[in-house]
Amino acid sequence: MITIDKMCYHSKLRYENAGEKFAFAVITLLICVMSRSAAVAGIVLAVTGVLTVWKGGIPVARYVRFLTVPLAFLILSTAAIMFNIRRTPLDLFALPIGGWYLTASSHSFFYAVSLVLTALAAVSCLYFLSFTTPMPDILQVLRRLHCPKLMIEMMLLIYRFIFILLDTASAISTSQDCRMGNRDYKTSLKSFGMLGSVLMIRAVSRSGKLYDSMEARCYDGTIRVLSENHPPKKKVIAGIVCFELLLFSFAL
Amino acid sequence: MNDTIIKAENLKFSYDDDNTHSLNGLSLEIKKGQKIAVMGANGSGKSTFFLCCTGILKPQSGKLYFHGRELSYKKKDLLELRSKVGIVFQDPDNQLFCASVYQEISFGPLNLGIEEERVKKEVEDIIQQLEITPFRQKPTHALSGGQKKQVSIADILVMHPEIIILDEPAAALDPRHTVMVNHIVDQMTEEGITVLMATHDVNYAYEWADEVILFENGRVLMQGNPQRVFSDKEVLKRTNLEPPVVLEFFESLCRKGILDESLPVPKNLKTLENYIENISS
């Protein structure tokens, strides 16, 4: 997750208008999920892959590795759809186990394949967005879409403080390592517990201090910030509209 | 006098309402346009006093005056005070709450109700002025300590306060960023902003400040010009401070009879060097 965050700030597509990227990712995702067809999923996978890797400048190996993260999970869950255990064999193949068969039908096989592809394509849409668009830009789009203010403010603060929490946690754990806090299973369990409790205390005191510092800057309950705008390009919008229309008609 | 900007009268503050007071009858006056160094041991009440100055903490007793008017702690009054008194906190991570530098700096002026177009210009100006441009596109969590400090100062400066409080701005900074911060502080003074700075660096305080305030156990031990405060051995000993090198060296040269004791006490190393050059010629 932290890698994705680091990479998106270096993406070549970072300074494109966030609304464009957001619209592209979300609409493609919707079409892809609604159509449930392997062909559409294949096209989406290819297009988002090319855009993220080639246009965005994310290393191929990195991208593929990230795509395989949900793969294991997907294969496990689709296995249940694909294979059956029953007394009569199905058309694709059948392994006899005692008086029963471990068997699959070609229909359920293709269904499982299209399911895996659709899920991967959906993930690739979200990867496209998160590999090219920093969180503050996404929040700005959500703000434009009139998402509840409270939610956006929470997301803004959480995003910032994930990193502070991680920094603090890693500093504490390093200091525990230095004093042999993780020497064996027992000490590491104890150290981990202490890490948790200290983090909790630190988080509470930090949030108090943050509130003070925001109040000192005339904070009145709503977080108002300006965003830098990268104006949308007509060519890009036209491209996105064309692609989505084509994809949509293909899905039908 | 008319040019007193902040006046504290017998402030008492305790974080947990028992007998230990962080501020224990603190009284002082701060004049407009001055450079003031606030010194004292850790836990002597400097940060607590600063938080009182912006109305974040409300003292249990005592009065705080801003421009001669007693602070009422009503919401309108507080906002008015906070728009005039800016505070740069010691740890930038407690201050920066946005992941984007630009958004972070725009927070303050938008709270003041300034229209967006002007805020945009102000933010751009301050980014230029404080040399933030090279890293303005980076997320705040990827900035170095010094860069975070620059942004946290920009946060406050962009609101154009009358008085800026800096809580140990040079803490944990490398020499290059320390120089940079000191330079920014000089710019503030030139613009007529009153600067109140907590620091442990006696040499810097001696050279820079118009006035030094020594804190001890939540009270003002001594307030006066740096020459007077730092010549007082007794007071320095009580606050565990070393005398500034320039002053010590000057006194030692006087004792040896190399320099004339009637010379005015040198304000910085340069003046002392001039004195020494003049005897050899």
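Visitor: What order do the six strands of the open sheet in chain B follow, and with what pairing?

Guide: A good place to begin, and please keep in mind that this is a predicted model. In general, strands of a sheet pair through backbone hydrogen bonds, either parallel or antiparallel. Here the order is β6-β7-β8-β3-β9-β10 in chain B, and the pairing is mixed.

Visitor: Which are the edge strands of chain B?

Guide: Look for strands that pair on one side only. In chain B these are β6 (85-88) and β10 (219-224). As you step across the sheet, the twist averages 20° from one strand to the next.

Visitor: How many bridges join strand β7 to strand β8 in chain B?

Guide: Five bridges link β7 (residues 163-167) and β8 (residues 194-198) of chain B, and the two strands run parallel. To find the register by eye, start from B:Ile164, whose bridge partner in β8(B) is B:Val195.

Visitor: Which strands does helix α6 of chain B lie across?

Guide: Helix α6 (residues 175-190) of chain B lies across β3 (35-39), β7 and β8 of that chain. Its direction makes an angle of about 150° with β8(B).

Visitor: Let me turn to the other chain. How many helices and strands does chain A have?

Guide: Chain A has nine helices and three strands. Along the sequence the pattern reads α-α-α-α-β-β-β-α-α-α-α-α.

Visitor: Is chain A compact or spread out?

Guide: For this, compare the radius of gyration with what a globule rule gives for the chain length. Chain A has a radius of gyration of 24 Å, well over the 18 Å that the rule gives for 252 residues, so chain A is more spread out than a compact globule. Its C-alpha trace spans about 70 × 60 × 35 Å along the principal axes. Buried residues account for 24% of the 252 residues. Among the chain A contacts with a separation of 6 or more, 71% join residues 24 or more positions apart.

Visitor: Which residues belong to each domain of chain A?

Guide: The domain assignment gives domain 1 as 1-133 + 230-252 and domain 2 as 135-221. Notice that domain 1 is written as two segments. The centres of the two domains of chain A, taken over C-alpha atoms, are 32 Å apart. Four residues of domain 1 are in contact with five residues of domain 2. On the domain 1 side, the touching residues are two nonpolar and two polar, with no charged ones.

Visitor: How many residues does each chain bring to the contact between chain A and chain B?

Guide: In general, the size of an interface is often given as the accessible area lost when the parts come together. Here we can count residues instead: 33 from chain B and 27 from chain A. On the chain B side, α2 (75-84), α3 (101-111) and α4 (116-129) each supply at least two residues. The largest share of that side, seven residues, comes from α3(B). By class, the chain B side has 16 nonpolar, eleven polar and six charged residues.

Visitor: Where in chain A do A:Arg36 and A:His146 lie?

Guide: Both are worth a look for their backbone angles. A:Arg36 is in the loop between α2 (18-35) and α3 (38-55) of chain A, and has a positive phi of about 55° although it is not a glycine. A:His146 sits in the loop between α6 (135-144) and α7 (149-178) of chain A, with a positive phi of about 60°, and it is not a glycine either.

Visitor: Is A:His146 buried or exposed?

Guide: Count the neighbours: A:His146 has 8 other C-beta atoms within 10 Å, so it is exposed. A:Arg36 has 14 other C-beta atoms within 10 Å, which makes it partly exposed.

Definitions and conventions
Residues numbered from 1 in each chain as written. Chains lettered and ligands numbered in written order. Predicted model: local features only at pLDDT ≥ 70, side-chain atom pairs only at ≥ 80, totals over all residues. Helix = DSSP H or I, 4+ residues; strand = E, 2+ residues; numbered from the N terminus. Rg over C-alpha atoms; globule rule 2.2 N^0.38 Å. Buried ≥ 20, exposed ≤ 12 C-beta atoms within 10 Å, placed from the backbone. Contact = placed C-beta atoms within 7 Å. Domains from an automatic or database assignment. Nonpolar A, V, L, I, M, F, W, Y, C, P; charged D, E, K, R; others polar. Pairing = 2+ DSSP bridges. Axes fitted to C-alpha atoms, helices over the stretch in contact; angles between N-to-C directions.
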